[in-house]
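Please walk me through this structure in plain terms. I would like to know how its charged side chains pair and what lines one of its pockets.

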Amino acid sequence: MKSWRIVVVDDESLMAGALKLFLELADDLKVVGIASNGLQAVSLCKQLRPDVVLMDLQMPVLDGVSATRRITAEHPQIKVVVVTTFASPEAVVPALRAGASGYLLKDSRPEEVVAAVHDVIQGRSPMSPKITGALIETIRHGDPPSPPLIAPTLSARDREVLDRLAQGLGNTDMARELHITESAVKSRIAQLMSKFEVASRVQVLIRACELGLVRPHLRSRTGEASAPD
């Protein structure tokens, strides 16, 4: 069984230790490093090349958003999941723009943290329900972007993938629905990132929402799309 390598970043040693304990309850997860600030996190990622980083936001020396931006720019293959107490759009949006692939609150249950790591490894973008709601409200009621954004030219296949991103599907489910390989899905998402001039699949979704091309409508567990009220 493959062991996925995790780096935990939190300036509270008790929280960092708890996350390590929760994660290593899963047979396929291994915490290979713990950092107490963003600069240490950047250094550990360079040394250890983990698969996933769990990132706090408010830390000394270098904050979590800045550290996330540096890590995802230098190591695009590393997935960053924010784990923080801040649920406001002012905290969520900068973190996602910096390249975070997921966003959890520190009141999440241990099994939710483990599930989020597995989700992000499989190409999904896990978020606490409160975060999803705040993000949707920001997109629905936020001010228009300035300067005005210009929508890229999208093919029919681009739009199919984009719509499924908005439904929260991972690469495996997209491949099954679109009758293509997971490699083809990854290639399509990479093309969307290039067309939207962003650095992650979450940023693709944010930009597409800003342009009015899609709106989040996460699927229920039965598989049917569920649009926000």
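In this predicted model, Arg 109 has a relative accessible area of 46%, so Arg 109 is classed as partly exposed. The side chain of Arg 109 meets that of Glu 112 in a salt bridge, with 3.2 Å from N to O. Glu 112 has a relative accessible area of 30%, and therefore it also falls in the partly exposed class, which covers values that are neither under 20% nor over 50%.

Side chains of opposite charge can pair when their charged atoms come close. How many salt bridges does the structure hold? The number is 12, and the bridge between Arg 109 and Glu 112 is one of them.

Another salt bridge brings together the side chains of Asp 158 and Lys 195, at 2.6 Å from N to O. Asp 158 belongs to helix α7, which spans residues 156–166, while Lys 195 belongs to helix α9, so this pair ties together parts that are 37 residues apart in sequence. Is Asp 158 buried or exposed? Its relative accessible area is 0%, so Asp 158 is buried. Its partner Lys 195, at 33% relative accessibility, counts as partly exposed.

A salt bridge can also be found inside one helix. Asp 173 and Arg 176 both lie in helix α8, where they are 3 residues apart, about one turn of the helix. The closest N and O atoms of this salt bridge are 2.7 Å apart. Asp 173 is partly exposed, because its relative accessible area is 28%. Arg 176 reaches 54% relative accessibility and therefore counts as exposed, the cut-off for that class being over 50%. Elsewhere, Asp 10, Asp 56 and Lys 106 are joined into one network by salt bridges that share partners.

The helices α8 and α9 come up again at a pocket. Rolling a probe the size of a water molecule over the atoms shows where empty space is left. The second largest pocket has a volume of about 570 Å³. Its lining is made up of 25 residues, and those closest to the centre of the pocket are Pro 76, Gln 77, Lys 79, Gly 123 and Arg 201. Which elements give two or more residues to this lining? They are strand β4 (79–84) and the helices α5 (110–121), α8 (171–178) and α9 (182–196). The element that gives the most is α9, with 5 residues. By type, the lining of the second largest pocket divides into 11 nonpolar, 9 polar and 5 charged residues.

Glu 74 is a further charged residue to look at. It is placed in helix α3, which covers residues 64–74. With 43% relative accessibility, Glu 74 counts as partly exposed. Along the chain, Glu 74 and Lys 46 are 28 residues apart, and their C-alpha atoms are separated by 8.4 Å.

The cysteines come last. A disulfide is a covalent bond between the sulfur atoms of two cysteines. How many disulfides does the structure hold? The count is 0. Two cysteines can be placed by their accessibility. Cys 45 has 0% relative accessibility, so it counts as buried. Cys 209, at 8% relative accessibility, counts as buried too, because the limit for that class is under 20%.

Conventions
Residues numbered from 1 in each chain as written. Predicted model: local features only at pLDDT ≥ 70, side-chain atom pairs only at ≥ 80, totals over all residues. Heavy atoms only, no water. 1 Å grid on protein atoms, 1.4 Å probe; cavity = no way out; pocket = protein on both sides within 12 Å on 5 of 7 lines; lining within 4 Å. Points joined across faces, edges and corners; volume = space filled by probe spheres on them. Helix = DSSP H or I, 4+ residues; strand = E, 2+ residues; numbered from the N terminus. Nonpolar A, V, L, I, M, F, W, Y, C, P; charged D, E, K, R; others polar. Buried < 20%, exposed > 50% of the residue type's maximum accessible area, 1.4 Å probe, protein only. Salt bridge = Lys/Arg side-chain N within 4 Å of Asp/Glu carboxyl O. Disulfide = S-S within 2.5 Å.
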